[in-house]
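Student: I am new to this structure and would be grateful for a close look at one part of it. Please choose a single part, explain it step by step, and then use it as a guide to the rest.

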Amino acid sequence: QQNEEKMIEYLDELEFLAYTAGGEVLKRFTQKLEKPNPKTFIGTGKMEDVAAYVEQHEVGTVIFDDELTPAQQKNIERLLKCKIVDRTYLILDIFAQRAQTSYARTQVELAQYEYLLPRLVGLWTHLERQRGGIGMRGPGETEIETDRRIVRDRISLLKKKILKIDKQMETQRGNRGALVRVALVGYTNVGKSTLMNVISKSDVFAENKLFATLDTTVRKVVIRNLPFLLSDTVGFIRKLPTQLVDSFKSTLDEVREADLLLHVVDISHPQFEDHIASVNKILDEIKSADKPTLMVFNKIDAYSAEKYDDDDLMVERTGAHYSLDEWKKTWMARTNGDSIFISALNKDNFEDFRKRVYERVREIHVTRFPYNA
Ligand code: GDP
């Protein structure tokens, strides 16, 4: 039961990703298997169903909610005779569309080549088998060897380029002086950009699609004469392709060097606890799990819970009708440390939020500039 819900949730997310990439989803297929079929990911019968559907509706692309092995991809392509995309490829594609700075573009390109490289190998072994293998030095093979070398050269060039930009960015960060640094973190689509906009009164691109933010933005913000730096980082997502985890590690430097984290959570999302866990896992990976953190539970306007009134009748109540005191009594407030409940969209509890951020930043500021306190 619970697994089924998880699967639906993953597929919802995949559909959202497909939509973000500019696609339209016609149909979903699911299958329960102990483990994926090593040759074709799904079973033979299911594959026939999919093939029939693809043919009947002239489907252009079939998307799989996992990373396919190069061999699986080739096999499925041959069976379905249309474009086969896996979750990793889809995410890389979206990142490629959205990369705005040359740094982000370089990182995405690197990730794409790293994804491509083993797939060239896959093609090679497949050809080798066809030709009888060992000892064969056919033209196709040489071609692929050349392709592989080109891709490898490109990868090492991109890595060098990234290293250089990393150093430049490090210097830039160093030049920002002793201002307190605050970083917005959180799962993708929780409202980080929206919050950044309302705090800094600037216009950061916000839309209801995944990965609206790819590049880090840093803004200087002043609350009651207290200046600090606020950064908005790339949205975290479940099952992030490993190629991206690595290449975006440096983008996460902003988080690593922050003095305070604002961990934004979309509580209107049924799986928000999973989201918190995914974000915490990444924070742990970049050794930032122990940083001072303020949990910002966002979208209270869209939150609805089954509540019981005095006569024990179930009533629908949306979060917008909760008072601050009521929010503080919820389990979320009790289990998640320092927390606050807001709607970035409607600016509900916004003054309280600003006050809390001010207090937390001031604590840090005072330790840094004791004479000005
Ligand atoms: P990010 O990916 O975390 O930067 O999220 P965005 O700031 O781009 O917001 C994602 C979507 O959530 C947008 O459609 C926002 O308008 C919407 N959103 C942000 N804050 C709220 C909120 O407090 N309530 C509601 N209902 N929607 C919100």
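**Helix H10 in close view**

Tutor: In helix H10, Lys 281 and Glu 285 stand 4 residues apart, so about one helical turn lies between them. An α-helix makes a turn every 3.6 residues, and therefore residues three or four places apart point the same way. The model under discussion is a predicted one. In this model the side chains of Lys 281 and Glu 285 meet in a salt bridge, with 3.7 Å from N to O. The distance meets the rule for such a pair, which asks for a nitrogen of Lys or Arg within 4 Å of a carboxyl oxygen of Asp or Glu. Lys 281 has a relative accessibility of 55% and therefore counts as exposed, while Glu 285, with 39%, counts as partly exposed. The cut-off for exposed is over 50%.

The helix itself comprises 14 residues, from 272 to 285. At 1.5 Å a residue, H10 should span 20 Å, and its end C-alpha atoms are indeed 20 Å apart, so the two values agree. Its buried residues are Phe 272, His 275, Ile 276, Ser 278, Val 279, Ile 282 and Leu 283. Viewed down the axis of H10, these buried residues fall within an arc of 165°, and they therefore line one face of the helix. On the other side of H10, Lys 281 and Asp 284 are exposed. The salt bridge described above thus involves Lys 281, a residue of that other side. After H10 comes Lys 287, whose phi is positive, near 55°.

Helix H2 may be read in the manner just used for H10. H2 has 14 residues and reaches 20 Å from its first C-alpha to its last, close to the 20 Å expected at 1.5 Å a residue. Met 47, Val 50, Tyr 53 and Val 54 are buried in H2. These four cover an arc of only 125° around the axis, which puts them on the same side of H2. The face turned away from that buried side carries the exposed residues Thr 44, Glu 48, Glu 55 and Gln 56.

The positive phi of Lys 287 also has parallels elsewhere. Most residues other than glycine have a negative phi. Asn 189, however, has a phi near 70°, a positive value in a residue other than glycine. Asn 189 has its place in the loop between strand E3 (181–186) and helix H7 (192–200), and at 23% relative accessibility it counts as partly exposed. Asn 349 has a positive phi of about 60° although it is not a glycine. Asn 349 is found in the loop between strand E10 (339–341) and helix H13 (350–368), and its relative accessibility of 24% makes it partly exposed.

The pairing of charges can likewise be followed beyond H10. Side chains of opposite charge can pair when their charged atoms come close. The count of salt bridges comes to 15. One of them joins the side chains of Glu 15 and Arg 28, at 2.8 Å from N to O. Glu 15 lies in helix H1 (residues 2–20) and Arg 28 in the loop between H1 and H2, so the pair ties together parts that are 13 residues apart in sequence. Glu 15, at 30% relative accessibility, counts as partly exposed, and so does Arg 28, at 34%.

Another salt bridge brings together the side chains of Arg 154 and Glu 109, at 3.0 Å from N to O. This pair links distant parts of the chain, for Arg 154 is in helix H6 (residues 139–174) and Glu 109 in helix H5 (residues 102–130), 45 residues apart. Arg 154 has a relative accessibility of 29% and counts as partly exposed. Glu 109, with 25%, also counts as partly exposed.

H1 and H2 appear once more at the largest pocket, which holds about 1400 Å³ of space. Its lining comprises 46 residues, of which Leu 11, Phe 29, Ile 63, Phe 64 and Asp 65 lie nearest the centre. The elements that give two or more residues to this lining are H1, H2, strand E1 (61–64), strand E2 (83–86) and helix H4 (87–98). H1 gives the largest share, 9 residues. By character, the lining divides into 23 nonpolar, 8 polar and 15 charged residues.

Note on methods
Residues are numbered from 1 along each chain as its sequence is written. This is a predicted model: local features need pLDDT of at least 70, side-chain atom pairs count only at pLDDT 80 or more; totals for chains, interfaces and linings use all residues. Side-chain values use heavy atoms; hydrogens and water are left out. The expected span of a helix is 1.5 Å times one less than its number of residues. Buried means under 20% relative accessible area, exposed over 50%, partly exposed in between (1.4 Å probe, protein chains only). The arc is that of the directions from the helix axis to the C-beta atoms. On a 1 Å grid over the protein atoms alone, a cavity is a set of points where a 1.4 Å probe fits but cannot get out, and a pocket is an open set with protein on both sides within 12 Å along at least five of seven lines; lining residues have an atom within 4 Å of a point. Grid points are joined across faces, edges and corners, and a volume is the space filled by probe spheres set on the points. Ala, Val, Leu, Ile, Met, Phe, Trp, Tyr, Cys and Pro count as nonpolar, Asp, Glu, Lys and Arg as charged, and the others, Gly among them, as polar.
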